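Got the viewer open? Here is a short tour: at each stop, make the selection and then see what is there.

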Amino acid sequence: MSNDELITIGNNNLSKDNKLKKEIVKWKEPGSTHMELKNFDFGEKVLYHQENIVKFKEGKRPFPVTLEIDLTNRCNHRCSFCFYAEHISVNKDSIDSEILKVRLKEAKELGTKGISFTGGGEPMIHKNYEEILVYTKNLGFDVGTITNGSIVTEKNVDTLIKNLQWIRISMAGGDAESYAKVQGVNQFEKVVNNIKLLSKRKEELKSNINIGIRTLVTPENINTIVGFAHIIKKLNVGYLQLAPDQYTDDGGKFWNDEFTQEVFKQTKEILKERKISLLTTSYMKEQENLDYPTTCYAHFFKAAILAEGHYVFCQNGRDEEKYHIGNIYNQSLKEIWESEKIKGIENDGIRPNNCGLFCKHMAINNSLEKNIHPDESMSPNFVG
């Protein structure tokens, strides 16, 4: 795109095709009106597993429905936003395939239904990634993977398409320049071509795999989002997820800014042409002040296993040893789940309002709080 094809809004450039207002956009305070965009409704998803809710209400401890597994700490990218980067730069562990297979069988017996392979580092770097993927699928799990997309090839694409229910490509930038600045490598065109390959084989194999793309939106790459939407609208992908920096300290200013919201609106319109969903979230300022919900229920529905073998109470607590409950190299999942350490954390009470401003577990917590501790003034046994 040449410079004469750009219009300026404040200090931001966008193509003329976007028909944005040629006005200087000022910051708005957090809580200002923003466009309502849908996201995966985790509060709704948790209600698909009524058996776990019933067990919890009966005083039992249902094992997580989903396990997020870091196959390796090795990574071929150096993303500036990666909160785990310092750790994986010195720890290159990869999970032992045979131990993992044993634990996957145990997870199936304990009631887990979904396995997502993520990081940590880049999961597809694990030397046995494809073998593990096929094995997990054959156990009867639904399987997903989060990847930077750089290792998708003609040789492995069919294995991905046939064994994954979903694949999410992380791309922190909508053009080569912004991508390289954030992800630390110049692989924008390569990853775009790999998404095209996935899209092509999905159609040829008549697969229902959900191909998604996630972009961390920052002031540095906001100008590239609309252009990127024009690229992916031609592909057979299910969604573009625009993610905020959950560690932001600006009180939601950038996310709620009028210019940012206008970019979202334009992006949504572009993607709508191919029925591609735009997913995002909103700034949850109430989380800072309220003691609601009373506890975090999310670990009964989702937990993580690290490349070092640590079973982690919360996926967001990967780097905090106090949340490392046990290790799959010397304990079964049942032993870890019934350990005094995890029960102690539960009894101490994990307050969700101490967590990240954009923690997606809040939707789970809000949904379950209403179900487990209903407002008696509502007379919950009188429906309708």
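Start by selecting Phe56, Phe63, Tyr297, Phe300, Tyr311 and Trp337, which form one aromatic cluster. You are looking at a predicted model, so local features need pLDDT of at least 70, side-chain atom pairs count only at pLDDT 80 or more, and totals for chains, interfaces and linings use all residues. Residues are numbered from 1 along each chain as its sequence is written, and side-chain values use heavy atoms, with hydrogens and water left out.

A search of the whole structure finds nine aromatic pairs. Rings of Phe, Tyr and Trp (for Trp, the six-membered ring) pair if their centres lie within 6.5 Å; planes under 30 degrees apart count as stacked, over 60 as edge-to-face and the rest as tilted.

Zoom in on Phe63 and Tyr311. They make a tilted pair, 6.4 Å centre to centre with 40° between the planes. Phe63 is in the loop between helix H2 (50-57) and strand E3 (66-70), while Tyr311 is in strand E11 (residues 310-312), so the pair links parts of the chain 248 residues apart. Helices here are DSSP runs of H or I with at least four residues, strands are runs of E with at least two, and both are numbered from the N terminus.

Keep Phe63 selected and add Trp337. Their ring centres are 5.2 Å apart and their planes are at 75°, so this pair is edge-to-face. Trp337 belongs to helix H12 (residues 333-337), so the pair ties together parts that are 274 residues apart in sequence. How buried are the two? Phe63 has a relative accessibility of 5%, and Trp337 has 6%. Buried means under 20% relative accessible area, exposed means over 50%, and partly exposed is in between (1.4 Å probe, protein chains only).

Now show Arg61. Its charged end sits over the ring of Trp337, 4.5 Å from the ring centre. For this, NZ of Lys or CZ of Arg must be within 6 Å of the ring centre and within 35 degrees of the ring normal. Another case is Lys108, whose charged end is over the ring of Phe141, 5.0 Å from the centre.

Go back to Tyr311 and look for Gly326 in strand E12 (residues 324-327). Gly326 and Tyr311 are 15 residues apart in sequence and 5.4 Å apart in space, C-alpha to C-alpha. Gly326 counts as buried, at 11% relative accessibility. Leaving aside its neighbours within four places in sequence, Gly326 is in contact (heavy atoms within 4.5 Å) with Gly309, His310, Tyr311, Gln331 and Ile336.

Next, select helix H4 (residues 97-110). Its 14 residues reach 20 Å from first C-alpha to last, close to the 20 Å expected at 1.5 Å a residue; the expected span is 1.5 Å times one less than the number of residues. Colour Ser97, Leu100, Lys101, Arg103, Leu104, Glu106 and Ala107, which are buried. What covers them includes E3, strand E4 (114-118), helix H5 (129-138) and H12.

Check the ends of H4 too. Asp96 caps the N-terminal end, with a side-chain oxygen 3.1 Å from the backbone nitrogen of Glu98. Just after H4, Gly111 takes a positive phi of about 110°.

For a polar stop, pick His49, in the loop between helix H1 (42-46) and H2. The side chain of His49 makes a polar contact with the side chain of Lys113 (3.4 Å). A polar contact is a pair of N or O atoms within 3.5 Å; within protein, one must be able to donate a hydrogen and the other to accept it, and residues adjacent in sequence count only if both atoms are side-chain atoms. His49 counts as buried, at 17% relative accessibility.

Then jump to Thr280, in the loop between strand E9 (277-279) and strand E10 (302-305). The side chain of Thr280 reaches the backbone oxygen of Leu242 at 2.9 Å. Thr280 counts as buried, at 4% relative accessibility.

Last selection: Lys275, in the loop between helix H11 (258-272) and E9. Most residues other than glycine have a negative phi. Lys275 has a positive phi of about 60° although it is not a glycine, and at 77% relative accessibility Lys275 counts as exposed.

Zoom out to finish. The protein has 14 helices and 12 strands, and 52% of its 384 residues count as buried.
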